[in-house]
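Work through these exercises with the model open beside you. Try each task before you read its solution.

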Amino acid sequence: MLRYDSTSSSAGSSSGSLSSSSSSSKPPQQDIDGLLAGAGYKVRSSELRQVAQRLERLETAMGNSPADFSQLASDAILYNPSDLACWVDSLLTEFAEPPPTCSSDFIVDPVNNQTVVNSAWTAAEPHTPQVHQNITYDEQQSLDNQLTVVTAMEEDSGIRLVHMLMTCAECVQSGDLSLATSLIDDMQGLLTHVNTICGIGKVAGHFIDALSRRIFQGMGGGSVNGGSAFENEILYHHFYEACPYLKFAHFTANQAILEAFDGHDCVHVVDFNLMHGLQWPALIQALALRPGGPPLLRLTGIGPPPPDGRDSLREIGLRLAELARSVNVRFAFRGVAASRLEDVKPWMLQVNPKEAVAVNSIMQLHRLLGCEQTRNSPIDTVLSWIRGLNPKIMTVVEQEANHNQPGFLDRFTEALYYYSTMFDSLEACRIQPEKALAEIYIQREIGNVVSCEGSARVERHEPLAKWRRRLSGAGFRALRLGSNAFKQASMLLTLFSAEGYSVEENEGCLSLGWHSSPLIAASAWQAVPAWDNHMSSS
Amino acid sequence: MARSNEVNLNECKMVVPLNTWVLISNFKLAYNLLRRPDGTFNRHLAEFLDRKVPANANPVDGVFSFDVLIDRGTSLLSRIYRPTTAEEPQPNIAELEKPVTAAVVPVIIFFHGGSFAHSSANSAIYDTLCRRLVRLCKAVVVSVNYRRAPENRYPCAYDDGWTALKWVNSRPWLQSQKDSKVHIYLAGDSSGGNIAHHVALRAIESGIDILGSILLNPMFGGQERTESEKRLDGKYFVTLRDRDWYWRAYLPEGEDRDHPACNPFGPNGRSLEGIKFPKSLVVVAGLDLIQDWQLAYVEGLKKAGQEVKLLYMEQATIGFYLLPNNHHFHTVMDEISKFVSSDC
């Protein structure tokens with residue numbers, strides 16, 4: 001199975017030169033030590049000596065309390081290891097050594113705010129993957145046996161299929177629809193030689209369908225099956241169960257929100273896509289258990305208006321209220337029905353200036369990236385009013401993919417590899433019908449990326465590097481997700497998912513991927529204070 | 001205690017460039033945090049701290065990479081690095097596993113270091129090193145993401161190395177045009193060097209041809225405390241205590257450092273006399289406290305009549321090959337290039 005990650009920018013380092021390698025989204029700064037950058041660390045050449053001194057002090061501090069430091073390491077929350085200077089300082093703080101002034105905007109939190117989310121997981125010993133392997137080994141054996149039946153011909157057919165998909169996409173891009181159509185026929189024929197139960201055969205089938213739909217739309221036939229909101233919710237729920245991407249999104253965001261709400265008595269979460277409210281029971285429970293007692297929690301859930309008149313948003317709100325009541329958290333819910341996020345106006349959210357606000361966007365922001373780069377594009381409008389709310393935190397989770405490029409072939413290629421990887425990860429799922437429905441969920445996404453255009457194409461995924469630039473440009477700055485969120489994510493993965501998923505830290509953001517290919521990225525943001533703004537700081 | 005620490009730190013800083021000192025000291029201190037006295041390892045923190053880079057099918061400086069799952073059962077990933085060719089400066093994305101075209105293409109199976117517990121194939125420092133090896137040797141490099149200690153003890157790392165070797169050997173697209181065979185070299189630094197040796201042993205026993213073995217500061221040891229260990233303990237980033245910890249973490253529980261994995265020519269080792277062992281290039285850093293064991297390894301090979309070239313880099317510390325800012329680095333890279341190309 002071919003696999004590669006095309007979403008990285010220039011991740012390789014230059015050979016021997018001292019030019020700074022651009023391994024991050026920031027424009028290369030002249031002063032950054034190029035060799036250390038190649039090793040993944042950002043240190044200014046002019047600061048090397050100071051960093052060295054801090055390392056020495058840290059070593060001395062560790063030497064003076066040898067019994068403590070591995071325990072401290074377990075408990076300390078560390079941030080952004082790429083920024084050596086700040087990382088070393090945060091460790092020095094742990095050893096109660098006052099660090100010299102550091103440009104870090106995040107102080108290390110000692111372990112006082114153990115949340116229920118954390119303590120549940122620290123009960124489980126750091127993972128024993130061997131045990132995990134033993135449990136699935138027999139199943140893996142039979143799966144392996146299935147896979148080893150792949151003949152040379154199948155492998156060959158698989159490669160040919162990929163070639164043909166690319167050629168077909170190229171034809172579509174250049175407008176040669178008749179050649180594209182005959183390729184579709186050929187590919188469908190080839191599919192019969194390829195195992196469509198797993199691997200390239202399965203995902204190829206979906207791409208052939210999507211291409212076919214695009215071609216026939218171009219010729220005036222067929223329409224895209226968007227699915228009702230109700231269907232989408234069911235599929236989403238099964239996708240949630242079948243693989244860890246959404247769970248990761250939820251608990252990473254919740255952890256960050258919990259920390260941001262620390263010390264506030266009135267808090268308000270705005271959820272850009274409520275769905276079944278799957279994310280919120282865990283947060284409610286965590287707030288219930290926080291030291292000092294829970295705050296008053298308001299939740300505003302945004303969702304599409306139901307076609308049958310049922311107030312589904314309210315129903316979910318009621319269920320959450322029940323839960324909140326059972327754990328003694330004062331709770332209020334408000335549903336905002338809107339078919340598009342850009343139709344929501346801030347006054348609908350009824351944010352109280354005294355409350356701490358968290359804006360939570362799980363795979364919603366990319367829907368605002370209509371390809372027209374007008375001055376008041378939906379994304380700019382929405383980001384602007386979010387900023388106006390001055391939230392304590394904005395949690396953003398997005399697919400780590402580059403599916404919004406203008407060129408169709410580029411987009412198609414990226415999607416082929418992204419969704420191949422995702423389907424591959426889904427192979428590990430053993431529960432039905434969750435797996436089958438999750439596949440349909442992904443299939444719909446593929447369909448949108450490949451066969452839709454204009455306002456119908458809502459799955460406009462962009463990679464984290466782009467989101468960083470966009471959000472920074474819109475007046476937000478990143479809040480770093482730290483080692484505790486990372487640890488929690490890793491532990492939850494090993495408890496609930498198959499081997500092969502990996503969490504990575506990337507300059508304060510966390511991503512979840514399958515076998516070293518990141519597929520979903522979580523980040524947290526705060527509005528940069530606008531000095532000419534009269535918003536009261538919460 | 002603090003005073004002698006100061007002396008150590010100052011000496012240390014005099015023999016390496018400042019950015020190397022910062023890099024390796026950072027590793028040292030971070031690693032100190034990860035090893036627990038009870039023998040367990042803070043894996044979550046380790047993964048959080050490790051700087052990783054994704055594979056990149058777009059060539060950078062003439063090298064592109066992609067990850068392949070070699071064995072599902074053990075989630076054994078490897079990162080493959082390939083050079084672009086003059087005819088195909090931008091590889092078609094669907095053709096990552098396109099057959100190599102040259103008459104002879106060396107394939108270097110690389111095992112990253114980390115004392116069996118740290119790092120991964122996608123660690124930034126090893127991604128950089130592997131890319132260098134591709135350009136240097138015009139080779140395909142296969143970097144194996146072997147299972148690590150203490151969660152996975154001996155012989156897991158060797159098993160994974162063996163699996164990777166079999167996989168490489170059976171790839172039609174890696175066969176050199178001249179003889180339709182895969183021209184395999186094994187290479188590794190620190191624990192990776194140790195793994196390379198043991199995988200070479202298995203290869204010989206199974207009849208797979210290995211053209212050569214490159215061991216960079218290979219990790220060996222033994223029960224005895226050698227002179228270099230006593231002299232250099234704690235002086236240049238490494239302590240005996242941490243070495244002992246890693247062996248305890250890797251070796252089967254209850255075994256001591258004379259286990260043949262650790263001490264291949266020791267009391268429980270075996271002679272390689274009469275065995276067709278591949279030629280070896282062994283690089284020893286003169287400021288590495290385990291050099292006596294590495295030199296003993298070289299002696300062991302020589303005594304058994306095996307072809308071995310020793311590169312003793314007097315003023316080099318561990319990790320000197322990670323950054324190209326010292327002459328040891330360049331000397332060693334030249335030798336590696338000659339070692340790999342002499343068969344072409």
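## Exercise 1: An annotated serine

In this predicted model, the unreviewed UniProt entry places the feature "active site" at S190(B). Task: find where S190(B) is in chain B, decide whether S190(B) is buried or exposed, and list what S190(B) touches.

Solution.
Step 1. Locate the residue. S190(B) sits in the loop between β5 (183-189) and α6 (191-206) of chain B.
Step 2. Check the accessibility. Buried means under 20% relative accessible area. S190(B) has 14%, so S190(B) counts as buried.
Step 3. List the contacts, leaving out residues up to four places away in sequence. S190(B) touches G113(B), G114(B) and S115(B), and also L216(B), N217(B), P218(B) and M219(B).

## Exercise 2: A second serine

Task: describe the place of S65(B) and say which side chain joins that of S65(B) in a polar contact.

Solution.
Step 1. S65(B) is in strand β1 (residues 63-71) of chain B.
Step 2. The relative accessible area of S65(B) is 0%, so S65(B) is buried.
Step 3. The side chain of S65(B) makes a polar contact of 3.4 Å with that of R131(B).
Step 4. Beyond four places in sequence, S65(B) touches A55(B), N56(B), A57(B), R79(B), I80(B), Y81(B) and R131(B).

## Exercise 3: The sheet of chain B

Task: give the strand order of the open sheet of 8 strands in chain B, explain why β1 and β8 count as edges, and name a helix that packs on the sheet.

Solution.
Step 1. Read the order. The sheet runs β1-β2-β4-β3-β5-β6-β7-β8, with mixed pairing.
Step 2. Find the edges. β1 and β8 (308-313) of chain B each have a single partner strand, so one side of each is left without a neighbour in the sheet.
Step 3. Look at the turn. Neighbouring strands are turned by 20° against each other on average, direction ignored.
Step 4. Zoom in on one pair. β5(B) and β6 (residues 212-216) of chain B run parallel and are joined by 5 bridges. I214(B) in β6(B) is the bridge partner of A187(B).
Step 5. Add a helix. Helix α4 (residues 124-137) of chain B packs on the sheet and touches β1, β2 (76-83), β3 (106-111), β4 (140-144) and β5 of chain B. The direction of α4 makes about 40° with that of β2(B).
Step 6. Add another helix. Helix α10 (residues 327-341) of chain B lies across β3, β5, β6, β7 (279-285) and β8 of chain B. This helix runs at about 170° to β6(B).

## Exercise 4: Nonpolar cores

Task: state how many residues the largest nonpolar core has, then study L165(A) and its contacts.

Solution.
Step 1. Recall the general rule. In soluble globular proteins, nonpolar side chains tend to be buried together.
Step 2. Size the core. The largest nonpolar core has 241 residues, and those with the most contacts inside it are F207(A), L211(A), Y245(A) and I336(B). Helix α15 (residues 408-426) of chain A gives the largest share of this core, 11 residues.
Step 3. Note the other core. Apart from the largest core lies another of 27 residues, including V270(A) and L349(A).
Step 4. Turn to L165(A), in helix α7 (residues 152-174) of chain A. At 0% relative accessibility, L165(A) counts as buried.
Step 5. List its contacts beyond four places in sequence. L165(A) is in contact with M187(A), A204(A), F207(A), I208(A), L211(A), F412(A) and L416(A).

## Exercise 5: A buried strand in chain A

Task: explain why strand β5 of chain A is largely enclosed, sort its side chains by direction, and find its partner strands.

Solution.
Step 1. Count the buried residues. In β5 (residues 393-399) of chain A, 7 of the 7 residues are buried, so the strand is largely enclosed by the rest of the structure.
Step 2. Use the strand rule. In a regular strand the side chains alternate between the two faces of the sheet.
Step 3. Sort the residues. I393(A), T395(A), V397(A) and Q399(A) point one way from β5(A), while M394(A), V396(A) and E398(A) point the other way.
Step 4. Find one partner. β4 (residues 356-362) of chain A pairs with β5(A) in the parallel sense over 5 bridges. Here S361(A) stands opposite V396(A).
Step 5. Find the other named partner. β9 (residues 517-527) of chain A pairs with β5(A) in the antiparallel sense over 6 bridges. Here Q399(A) stands opposite I520(A).

How values were computed. Residues are numbered from 1 along each chain as its sequence is written. Chains are lettered from A and ligands numbered from 1 in the order in which they are written. This is a predicted model: local features need pLDDT of at least 70, side-chain atom pairs count only at pLDDT 80 or more; totals for chains, interfaces and linings use all residues. Side-chain values use heavy atoms; hydrogens and water are left out. UniProt positions are given in the numbering used here, feature names are shortened, and annotations may be inferred rather than shown by experiment. Helices (H or I, at least four residues) and strands (E, at least two) are DSSP runs, numbered from the N terminus. Buried means under 20% relative accessible area, exposed over 50%, partly exposed in between (1.4 Å probe, protein chains only). Contact means heavy atoms within 4.5 Å. A polar contact is a pair of N or O atoms within 3.5 Å; within protein, one must be able to donate a hydrogen and the other to accept it, and residues adjacent in sequence count only if both atoms are side-chain atoms. A nonpolar core is a set of buried Ala, Val, Leu, Ile, Met, Phe, Trp, Tyr and Cys residues joined through side-chain atoms within 4.5 Å. Two strands pair if DSSP finds at least two bridges between them. Axes are lines fitted to C-alpha atoms, for helices over the stretch in contact, and angles run from 0 to 180 degrees between N-to-C directions.
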